[in-house]
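Me: I am new to this structure and would like to understand the labels used for it. Please set each value against its rule and keep it short.

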Amino acid sequence: MADSTLAKPPEAADDWTIPQDWARYSDGEHAMWDQLFERQARLLPGRVAPAFLDGLDVLRLSKPGIPDFAELNARLMDATGWQVVAVPGLVPDALFFDHLAHRRFVAGRFIRTPEQIDYLEEPDIFHDVFGHVPLLANPVFADYMEAYGRGGQRAVELGAIDRLARLYWYTVEFGLLRAPEGLQIYGAGIVSSFSESIFALDDPSPNRIGFDLKRLMRTRYRIDDFQQTYFVIDSFEDLLRQTIESDFAPLYRELEGTDDLDVATVLESDRIDHRGTQDYARARAARHPI
Ligand code: HBI
Ligand code: FE
């Protein structure tokens, strides 16, 4: 995230937060939230980690439509000490990590328009709040997100943000969970997307590979389309254990001499849940040659 170009918008506070101004949302914006929420709430059972559904109740507030952060935060703080703060858009990495390290999740306050219903560049309030907040109500995942923030502050000192951004991307945004019933989704980028909630589990195109921190930190990711590789964790406890204790400095040093891996790479040393055909990505590249 080349964030040196980001300039703090004048209306934002020093920590880049802005008021949510919940009273300013229009009926159409509330209706958009309800439409997106209902569509995902119908699609996700059986496909999403149960911990996400448990957390979803924290979003079922007294009023329909876009959650009022004042009411949402009272419940979220009760559950795990987390709160959601509104920001104008992407914030600089160092500040992002600082918010996470203090159990503050930054969220956009705008919601997508009907034309953007299935794809938009920047994370809107539906991605940030529906996608990320339910798992912030889960104590283990809440600890992971704080540990990630602290790890990010350290990565800034070590010049290793790109490595750590991959960990965020392949877990918090696009992670899969292994369960006795089969693979389940938990990444916010997937659970907030109707089409990727289906693609990530059902489509033969992408790789699904067992989580391996060192291997993951070498793997590039794409931001413009469905992922070509998903990493599968065994449990949130396992993910937390691998993150909260270890200082990643030795790992970053070890990785210095290694090449990055392309998004579609499969290594013989990988724990392969599914070796993807990459048919989707190939067809898409044929339609949109770069
Ligand atoms: N800013 N508002 C916002 N939301 C994010 O998810 C976000 C960000 N800044 C940086 C960032 N994510 C990622 O690059 C982190 O992995 C560093
Ligand atoms: Fe996100």
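Me: Why does Asp21 count as partly exposed?

Reply: This is a predicted model, and the value is computed from it. Asp21 has 31% relative accessibility. Buried means under 20%, and exposed means over 50%. The value falls in between, so Asp21 counts as partly exposed. Asp21 sits in the segment before α1.

Me: What makes the phi of Asp21 noteworthy?

Reply: Its phi is positive, about 55°, although Asp21 is not a glycine. Most residues other than glycine have a negative phi.

Me: Where is Gln278, and what is its phi?

Reply: Gln278 lies in the loop between β7 and α13 (279-287). It is not a glycine, yet it has a positive phi of about 60°. Arg103, just after α4, also takes a positive phi of about 60°.

Me: Why is Gln278 called buried?

Reply: Its relative accessible area is 10%. The cut-off for buried is under 20%, so Gln278 is buried.

Me: How do you know that Trp33 and Phe126 form an aromatic pair, and what makes it edge-to-face?

Reply: Their ring centres are 5.3 Å apart. The limit is 6.5 Å, so they pair. Their planes stand at 75°. Edge-to-face needs over 60 degrees, so the label fits. Both Trp33 and Phe126 are buried.

Me: What does this pair tie together?

Reply: Trp33 belongs to helix α1 (residues 27-43), and Phe126 to helix α5 (residues 125-136). The pair therefore ties together parts 93 residues apart in sequence. Ring pairs also link Trp33 and Phe126 with Phe37, Phe52 and Phe130 in a cluster. The structure has 21 aromatic pairs.

Me: How do you know that the charged end of Lys63 sits over the ring of Trp22?

Reply: The charged end of Lys63 is 4.1 Å from the ring centre of Trp22. The distance limit is 6 Å, so that part of the rule is met. The rule also asks for a position within 35 degrees of the ring normal. Lys63 is listed as sitting over the ring.

Me: Why are β4 and β7 called edges of the sheet?

Reply: The open sheet has five strands in the order β4-β3-β6-β5-β7, with mixed pairing. β4 (182-185) and β7 (272-274) each have a single partner strand, so one side of each lacks a neighbour in the sheet. From one strand to the next, the twist averages 35°.

Me: How do you know that β5 and β7 pair?

Reply: Two bridges join β5 (residues 207-210) and β7, in the antiparallel sense. At least two are needed, so the strands pair. Arg208 has His274 in β7 as its bridge partner.

Me: What makes α4 mostly covered?

Reply: Seven of the nine residues in helix α4 (residues 93-101) are buried. Among them are Leu95, Phe96 and Phe97. The buried residues of α4 pack against β1 (83-87), β2 (104-108), α6 and α7.

Me: What covers the buried residues of α11?

Reply: The cover includes α2 (50-56), α5, α6 (139-158), α7 (161-173) and β6. In helix α11 (residues 236-244), the buried residues include Phe236, Leu239 and Leu240.

Me: How do you know that the radius of gyration agrees with a compact globule?

Reply: For 290 residues, a compact globule would have a value near 19 Å. The protein chain has 19 Å, so the two agree. Buried residues make up 55% of the chain.

Key:
Residues are numbered from 1 along each chain as its sequence is written. Chains are lettered from A and ligands numbered from 1 in the order in which they are written. This is a predicted model: local features need pLDDT of at least 70, side-chain atom pairs count only at pLDDT 80 or more; totals for chains, interfaces and linings use all residues. Side-chain values use heavy atoms; hydrogens and water are left out. Helices (H or I, at least four residues) and strands (E, at least two) are DSSP runs, numbered from the N terminus. Axes are lines fitted to C-alpha atoms, for helices over the stretch in contact, and angles run from 0 to 180 degrees between N-to-C directions. Rings of Phe, Tyr and Trp (its six-membered ring) pair if their centres lie within 6.5 Å; planes under 30 degrees apart count as stacked, over 60 as edge-to-face and the rest as tilted. Buried means under 20% relative accessible area, exposed over 50%, partly exposed in between (1.4 Å probe, protein chains only). The radius of gyration is taken over C-alpha atoms; the globule rule is 2.2 Å times the number of residues to the power 0.38. Contact means heavy atoms within 4.5 Å.
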